[in-house]
Amino acid sequence: MINISLRVNGRNYELNIEGNERLIDVLRDRLGFKSVKEGCGSGDCGLCIVLMNGKPVHSCMVMGFQAREKEITTVEHLGDEDNLHPIQKAFTDVGAVQCGYCIPAAILVSKHILENHENPTQNDIRWFLRSVLCRCGSYLRFEKAIYEVSQQVR
Amino acid sequence: MSGEEEILRRFSAIEQAREFYIVGKKVARVDSLEAVLGKPIYTGDLVTGDYVFVRAVRSPYPHAKIKKINPEKALNMKEILGVLTHADIPGENDAGSLISDRPLLAVDKVRHYGEAVALVIGSSIESVDEALAKVEVEYHPLPVVTNPIDALKPDAPRVQERGNLITHFKIRKGDVEKGFEKADIIVENTYRTQFMDGMPLETEVAYAIPEENGRITCISSMQNPFDVYNKVVKILGLPAEKIRVIQAATGGGFGPKSDETPIDVAAYACLAALKTRKPVLSVFTREESVTVQCKRHAFIIENKTAATEDGKLVAWKSTLYEDTGAYISKGHLVIARATFHCTGPYEVPNVWADGYCVLTNNTMAGSTRGFGAPQAHFAAEVQMDILAKKLRMDPVELRAKNILIPGSLTATSQKIDDSGLEVCFRKAVEESAWHQRRREYEEFNKRSMYVKRGIGIALLYHGNTLGPEGEDFANVHTRIERDGTVIIQTGLTEYGTGAITSLAIVTAETLGISLKNIRVERPDTSAVTSAGPTVASRTTVIGGQAALDAAKQLRSRLAEVAAQVLEAKPEDLEFKDNRIYIRDSPERGLDFKHVVEKCYEAGVGLEVEGYYIAPATKWDPETGQGEPYNQYTFGALVSEVEVDILTGMVKVLKMTAVYDAGKVINPLGLLAVIEGGSIMGLGHALTEELIHENGIVVTPNLHTYLIPTTAETPLNIQSIAVESPGRIGVFGAKAMGEIPVVLPMASITNALAHAIGVHINETPLKPERILKAIQQNV
C-alpha cells in the first residue's frame with residue numbers, strides 16, 4: 001500500500017492505495033466520484049478526463065500515486081441542480097446531451113478551454129476537444145455551448 | 001358511443017385543427033440535467049458494497065472444434081470462485097436475440113474469433129483476468145471462410161449445421177431484361193462496404209443482485225430490456241418472476257445494444273449471481289466489445305443500371321451479398337431492408353434484385369443504425385453519379401428526372417403519396433448553392449495543383465419503423481400523482497436518441513402542462529409490459545402514438561371531473577398552461593393540480609395504459625412487391641470536401657442536410673440527431689473499418705478503429721427539417737433516429753469524385769485507396 005494525500009473537488013484526502021491503482025479507480029471506487037467514466041482504458045476515448053492542477057489528464061493513464069499532492073477537479077465540483085455552472089447550463093440549453101456518457105469529460109475540457117482562452121476560436125475548441133470522443137456526434141453542440149459561455153463572459 | 005369515447009372522438013377533431021402548445025418548440029431534454037451534473041446513473045456507477053466479477057474465456061480461433069476444457073488451474077487460484085462452461089447452464093444454452101442459432105457458451109465448436117467458451121468468476125477483476133489464461137481449452141482448428149461469395153460455393157466450409165445461405169430476398173418488378181434491351185446506356189459496378197462498429201462508448205455492462213426471495217435483479221445497459229429478460233429467464237431456467245431487468249442510463253446504443261451482447265453480459269452476471277449468491281458485475285473491455293459486439297454488415301453490391309439518353313431510368317438489377325458473420329442475429333432482416341432500398345429513392349419501371357444473407361467465420365453482424373440502408377444507398381447513389389457522368393449530365397439533373405414524387409411507384413410498386421423527397425431535394429440544392437459551388441470548385445481545381453475540392457449529393461428514402469421486421473406496437477403507462485406530477489413509464493428505452501423526451505412532449509401537449517411536471521421512469525420488467533423493441537427509429541413515431549393514447553384517456557377523465565365543477569361540457573374544455581378552462585370563456589377554469597385533486601377525491605383513477613399498433617404491412621415474398629412500410633422518411637445530403645492529392649487526406653468542409661421529419665416533435669433533439677448522424681456517417685465514409693485477417697479481428701480498439709473527433713467534424717453542418725406528414729406517426733411524425741447516418745458515405749464519395757474526377761466504389765475512403773484511384777485515373 002502507498003500512502004498519498006491529494007485534494008479532490010476542494011477537499012483534502014489521505015488514502016492508502018495499491019501500487020497498481022489508477023487515478024480513475026481512486027476517484028470512482030475509493031472516493032465515489034462516478035462522473036468519471038471509463039470508455040477504453042487505453043487513453044483513446046478521453047471519457048475519463050479530469051482536471052489535475054487545472055489541466056486535463058486521462059485518469060486511466062495516470063496512476064493513483066502520481067496524483068500525490070495534486071488538486072483534482074471532476075464535474076461533481078461544478079454546480080448543482082439549483083445552481084448550474086454556466087457551462088453545464090449552456091450544454092443543456094444547446095441540446096448537447098445525447099447519450100450523456102462523454103458529457104462530464106467534455107464539460108471539463110470546455111472549462112479548461114474557457115479558463116485559458118478569453119475568446120476561443122473554432123480551432124482552439126477543436127484542438128482541445130479532440131481528446132474527447134462522442135459517438136453521438138455532439139461536437140458542434142459542444143462548440144456552440146463554449147461559444148455561448150465565452151460571449152457571456154465578455 | 002360511451003361518454004369517454006365521445007370525448008376522445010371530439011378531442012381528435014380539435015387536435016387536427018389547433019396550434020401546438022409544446023410540440024415543435026425548443027425544449028431541453030428531460031434527462032439532460034443528470035448528465036451535465038455527472039450523476040451516477042449508468043450501470044457501472046450503481047455498484048456498491050461487496051460484489052464479484054465475471055468475464056468470458058474467448059476463442060483465439062475463428063473456427064475450431066473444442067476438444068477439451070480444463071478449468072483446474074484457474075479454479076486453484078485464490079480469488080477464483082468458479083468457472084462455468086455450457087454444461088453448467090441450468091436452462092437452455094441459447095443467446096440468439098431473435099433466432100436460436102447461437103449458444104451463450106460454445107459447446108463443441110467455436111465459429112468466430114472471440115466466441116465465449118467459459119466464464120470465470122472471481123472476487124477481483126485482476127484475478128479474473130489472470131485466470132482467463134489459465135482455463136485450458138484444447139482446440140482443433142478448422143478451415144475458415146471469410147467472404148460471403150466464397151461461403152456460397154458448394155465446397156465452402158460450413159459455419160453452422162445448416163448451409164451458409166440464410167436468406168435469398170427477391171424483388172421482381174416489370175421485365176428487367178426488356179428494360180436493358182431498350183436502354184441507351186448501361187452502367188455496371190460493384191460496391192463494397194466493410195464491417196463497422198456502432199461503438200457506443202459505454203461498453204456492455206450488467207450488474208446482477210441476488211435477493212433474499214430468490215429473485216435476481218439485473219441492472220444493465222441495453223435497448224431492449226424484454227429481449228434480455230426473456231433470454232436470461234430461459235438461460236437460467238428459472239420461473240419468469242425470479243428475474244427482474246432494469247435499464248440504467250445507457251451510454252449509447254446505435255443498434256448493437258438491441259442485439260446479442262447485452263443478453264450475454266446480463267446472462268453472465270445472472271449465472272454468476274446464481275452460483276455465488278453475491279452481487280456480480282459483468283463488464284466488457286473495449287477490446288471484447290469491439291471484437292464480439294454485433295457489427296454493421298459488410299456488403300458486396302453489384303448494380304447494373306440502364307437509362308435512356310435523356311436520363312430516364314429504365315431498368316435496375318442489384319445483387320447484394322451480406323456478410324452476417326457466424327450467427328444470424330438480425331442479418332435476415334437487414335438484407336430485406338437493404339434489398340427493398342437497392343434502387344435508391346427513384347422510380348424505375350423494371351427492377352430485379354437478389355439479396356443474399358450469408359454466414360461466414362467473421363464476427364457476428366446485427367443491427368446498426370440504418371440497418372442495411374447506408375450500404376444500399378451508398379451503392380445506389382454512387383451508381384447514379386456514375387450514370388450522370390456517363391450521360392454528361394449534372395448529378396442533380398439526373399436525379400430530378402427520376403426521384404419519387406407523389407404517384408411514383410417504388411421498387412416494390414408501393415405508391416408514394418407525399419412530396420417529402422421533392423421538397424428535401426430542392427431545398428438541399430438551393431441552400432447549398434449547388435450550381436454556384438460546383439462551378440467555383442471546378443474553377444478552383446483548375447488553379448490549384450495539389451488541393452482539390454468537390455461537392456456531391458445523395459438522396460434517400462427510408463421505410464419507416466419495423467414494417468416487415470416485426471409487430472410494430474408500443475405501450476406507454478401513464479399516471480398522475482396526487483400532487484399533479486405526471487409519470488410516464490414504458491418498456492421503450494432512452495439511450496441517447498432523445499425519443500423518450502418526445503413521449504413526454506406528446507403527453508405535455510395533450511394535457512396542457514409544462515414539461516417539468518412530467519417524470520419519466522426507468523424501464524423495469526417488473527413494472528411494465530413489453531412495449532416492443534426500441535429500434536428502427538420507432539419510439540417517437542409509434543411510441544408517441546401510445547403516449548398520445550394514454551394522455552388522451554387521462555384528458556378525458558380529467559375533463560369529465562372538471563366539467564362538473566365548471567358546469568360545462570367536457571368537450572368544450574381546453575387544456576393549456578397547467579389549467580383546464582372553458583374554451584370560449586378562458587377566465588372560467590381550474591388549475592390542473594386542482595382537477596387532479598378532485599379526481600382523487602371522487603375516486604376517478606388516473607392511471608392508464610396507452611397502446612398503439614401500426615397497420616400490418618404486406619408484400620409478396622416471391623416478388624418483393626407490395627407495401628412493406630407504412631410511410632417513408634425522405635432526405636438529401638450535400639457534402640463539400642477538400643482533398644490533398646499528395647497525401648490522399650480528405651476533409652469534409654460542409655454538409656447541407658435536409659430531412660423530411662413529417663412533424664418535428666422535439667427540434668433541439670432532432671438537430672442533435674441530424675448533426676450526430678452526419679458525423680457518424682462521415683466516420684463510416686472516411687475511416688471506419690473493422691479489419692479481419694483470416695477471421696481474426698485486428699482492429700479491436702479505438703486507436704486502430706477510428707471514429708470521428710472534433711478534428712474531422714465539418715466546420716458547418718446546416719440542418720434543415722421539412723414537414724411532409726406521414727400516415728402513421730404521432731402528429732404526422734416520421735422516423736428520424738437512424739436516418740442521418742444513411743447518406744454520408746454516398747454523399748462524400750460523390751463529392752470526392754467531383755474533386756478528383758473518379759468514383760471510388762469501396763468505403764472507407766482511406767488515403768491509400770484515394771491515391772490509387774487518382775493514379776489509375778491519370
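## Two chains, their domains and their strands

The C-alpha atoms at the two ends of residues 74-146 of chain A lie 18 Å apart, and this span is 52% helix and 0% strand. In UniProt, an unreviewed entry gives these residues of chain A the feature "domain: [2Fe-2S]-binding". The model is predicted.

A second record concerns chain B. UniProt lists residues 37-143 of chain B as "domain: Aldehyde oxidase/xanthine dehydrogenase a/b hammerhead", again from an unreviewed entry. Here the end C-alpha atoms lie 52 Å apart, with 11% helix and 32% strand in the span.

### Chain A

Chain A is split into domain 1 (2-76) and domain 2 (86-153). Their C-alpha centres are 21 Å apart. Contact between them involves 14 residues of domain 1 of chain A and eleven residues of domain 2 of chain A. On the domain 1 side, β3 and β4 (55-58) of chain A each supply at least two residues. The largest share comes from β3(A), with three residues. By class, that side of domain 1 of chain A has nine nonpolar, three polar and two charged residues.

Strand β3(A) also takes part in the packing of helix α1(A). The buried residues of α1(A) pack against β1 (2-8), β2 (11-17) and β3 (49-52) of chain A. Helix α1 covers residues 23-30 of chain A, and its buried residues are L23(A), I24(A), V26(A), L27(A) and R28(A). In an α-helix, residues three or four places apart point the same way, because there are 3.6 residues a turn. After α1(A) comes G32(A), with a positive phi near 80 degrees.

### Where the chains meet

Chain B puts 43 residues in contact with 41 residues of chain A. Helices α2 (32-36) and α18 (667-686) of chain B each give at least two residues to the chain B side. Helix α18(B) gives the most, nine residues. By class, the chain B side has 22 nonpolar, 16 polar and five charged residues.

### Domains of chain B

The domain assignment of chain B gives domain 1 (3-30 + 473-613), domain 2 (43-142 + 220-236 + 248-285) and domain 3 (418-469 + 624-778). The C-alpha centres of domain 2 of chain B and domain 3 of chain B are separated by 37 Å. Five residues of domain 2 of chain B and four residues of domain 3 of chain B make the contact. The domain 2 side has two nonpolar, three polar and no charged residues.

### Strand pairs in chain B

The table gives strand pairs of chain B, each with one pair of facing residues.

| Strand pair | Sense and bridges | Facing residues |
|---|---|---|
| β7(B) and β17(B) | antiparallel, eight bridges | K170(B) and D354(B) |
| β16(B) and β17(B) | parallel, nine bridges | Y321(B) and Y356(B) |
| β28(B) and β29(B) | antiparallel, eleven bridges | V643(B) and V650(B) |
| β29(B) and β32(B) | parallel, seven bridges | D660(B) and V722(B) |
| β2(B) and β6(B) | antiparallel, six bridges | A64(B) and P141(B) |

Take β17(B) to begin with. Why is strand β17 (residues 350-358) of chain B largely enclosed by the rest of the structure? Eight of its nine residues are buried, so the rest of the structure largely encloses β17(B). Strand β7 (residues 165-173) of chain B pairs with β17(B) in the antiparallel sense. Strand β16 (residues 313-323) of chain B pairs with β17(B) in the parallel sense. From β16(B) the chain passes through helix α10 (residues 331-340) of chain B to β17(B), a right-handed β-α-β crossover.

Next come β28(B) and β29(B). Strand β28 spans residues 632-644 and strand β29 spans residues 649-660 of chain B. Their hairpin has four residues between the strands, and G648(B) takes a positive phi near 80 degrees there. Strand β29(B) also pairs with strand β32 (residues 716-722) of chain B, in the parallel sense.

Last is a sheet of three strands. It is open, runs in the order β4-β2-β6 (chain B), and its pairing is antiparallel. Strands β4 (109-110) and β6 (136-141) of chain B are at the edges with a single partner strand each, so one side of each has no neighbour in the sheet. Strand β2 (residues 64-70) of chain B pairs with β6(B) over six bridges.

How values were computed: Residues numbered from 1 in each chain as written. Chains lettered and ligands numbered in written order. Predicted model: local features only at pLDDT ≥ 70, side-chain atom pairs only at ≥ 80, totals over all residues. Buried ≥ 20, exposed ≤ 12 C-beta atoms within 10 Å, placed from the backbone. Contact = placed C-beta atoms within 7 Å. UniProt positions renumbered as here; feature names shortened; annotations may be inferred. Nonpolar A, V, L, I, M, F, W, Y, C, P; charged D, E, K, R; others polar. Domains from an automatic or database assignment. Pairing = 2+ DSSP bridges. Right-handed = clockwise from strand over helix to strand, strands pointing away.
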